[in-house]
Amino acid sequence: MLPLLDHIEPLAAEVGAANTVVFAAGRRHGHNTDVPGLLAALAEQGVTRASLPPNPPVLILGAGATACSALAALRALGITHVTVAARAPARASDLLATADSLGTKVTLTPFDPPLAPPDLLISTVPAGAADPYAQQIAARTLRPRAVLDIVYHPWPTPLTSAARQAGAAVADGFDLLLHQAAGQFELMTGSPAPLDRMRTAGLAALAERR
């Protein structure tokens with residue numbers, strides 16, 4: 001999408017991904033609302049820059065576009081060293097380029113439960129791909145203090161269910177979907193997003209899918 005835009009806001013340019021296009025004065029403006037959406041979803045669960053210790057161990061599952069947005073969100077939380085478990089490390093070049101632009105150090109690892117357990121686990125992989133991590137959390141061999149899983153269908157996921165049962169703070173794919181959509185609403189309308197009404201409607205729609 002980026003080559004088709006007339007203007008790219010700085011955050012989208014840094015991340016290398018835009019998820020929203022606003023048409024204004026005949027120009028196409030690209031924005032990224034995933035990053036503030038990730039931050040808002042985590043903040044609702046008490047995961048903020050003030051609540052985190054300096055440089056906590058963080059693991060991102062996946063190395064695609066959403067992982068790039070997660071790197072930018074983590075930088076806003078003061079985290080600039082992140083481990084990424086990539087299913088296809090050879091295809092992680094865009095992620096590494098984004099890390100360079102953000103000033104973040106990324107350590108790529110195989111897609112296996114880590115030797116050093118993370119305090120914060122962010123899954124950006126499709127439904128089912130994070131199930132081995134869910135099993136590790138359910139067995140209490142992996143004990144993250146906070147988990148965010150971007151999947152919202154099926155919902156809840158095995159990862160978020162296991163994390164909640166283990167007592168972790170959990171932000172799920174619906175939380176991200178809600179907050180990034182609120183950012184889109186505000187960009188497109190210039191009005192505050194009706195967050196409570198959006199949350200109610202979204203939860204009702206997900207309940208119908210179960």
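Which residues of α7 are buried? In this predicted model, the buried residues of α7 turn out to be G173, F174, D175, L176, L178, H179, Q180, A182, G183 and Q184. The helix itself covers residues 173-189, which makes 17 residues in total. From its first C-alpha to its last, α7 reaches 24 Å, close to the 24 Å expected at 1.5 Å a residue. An α-helix has 3.6 residues a turn, so residues three or four places apart point the same way. As for what lies against them, the buried residues of α7 pack against three strands, β2 (20-24), β8 (146-149) and β9 (169-171), and against the helices α2 (34-44) and α8 (195-209).

Stepping back to the whole chain, there are eight helices and nine strands. The radius of gyration is 17 Å, close to the 17 Å that the globule rule gives for 210 residues, so the chain is as compact as a globular protein of that length. Its C-alpha atoms fill a box of roughly 55 × 40 × 30 Å along the principal axes. Of the 210 residues, 44% are buried. Taking contacts between residues at least 6 apart in sequence, 61% join residues at least 24 apart. The chain exposes about 10,200 Å², and carbon and sulfur atoms supply 56% of that area. As for charge, the mean positions of the 15 positive and 16 negative charges sit 3 Å apart.

Some loop residues deserve a look too. R49 belongs to the loop between α2 and β4 (58-61). With a relative accessible area of 54%, R49 is exposed, because the cut-off for that label is over 50%. Setting aside neighbours within four places in sequence, R49 touches R75, A76, L77 and G78. Between the C-alpha atoms of R49 and F174 there are 22 Å, with 125 residues separating the two along the chain.

Now for the backbone. Most residues other than glycine have a negative phi, and most peptide bonds are trans. Two cis peptide bonds turn up in the loop between β8 and α6 (158-165), which holds both P154 and P156. One runs from H153 to P154, with omega near 0 degrees, and another from W155 to P156, with omega near -5 degrees. Positive phi values appear at A25, near 50 degrees, and at R140, near 65 degrees. A25 is in the loop between β2 and β3 (27-31) and counts as exposed at 83% relative accessibility. R140, in the loop between α5 (131-138) and β8, is partly exposed at 34%.

Technical notes. Residues are numbered from 1 along each chain as its sequence is written. This is a predicted model: local features need pLDDT of at least 70, side-chain atom pairs count only at pLDDT 80 or more; totals for chains, interfaces and linings use all residues. Side-chain values use heavy atoms; hydrogens and water are left out. Helices (H or I, at least four residues) and strands (E, at least two) are DSSP runs, numbered from the N terminus. The radius of gyration is taken over C-alpha atoms; the globule rule is 2.2 Å times the number of residues to the power 0.38. Buried means under 20% relative accessible area, exposed over 50%, partly exposed in between (1.4 Å probe, protein chains only). Contact means heavy atoms within 4.5 Å. Accessible areas come from the Shrake-Rupley method with a 1.4 Å probe; for residues, only the protein chains shown count as cover. Lys and Arg count as positive and Asp and Glu as negative; His and the chain ends are not counted. The place of a charge is taken as NZ of Lys, CZ of Arg, CG of Asp or CD of Glu. The expected span of a helix is 1.5 Å times one less than its number of residues.
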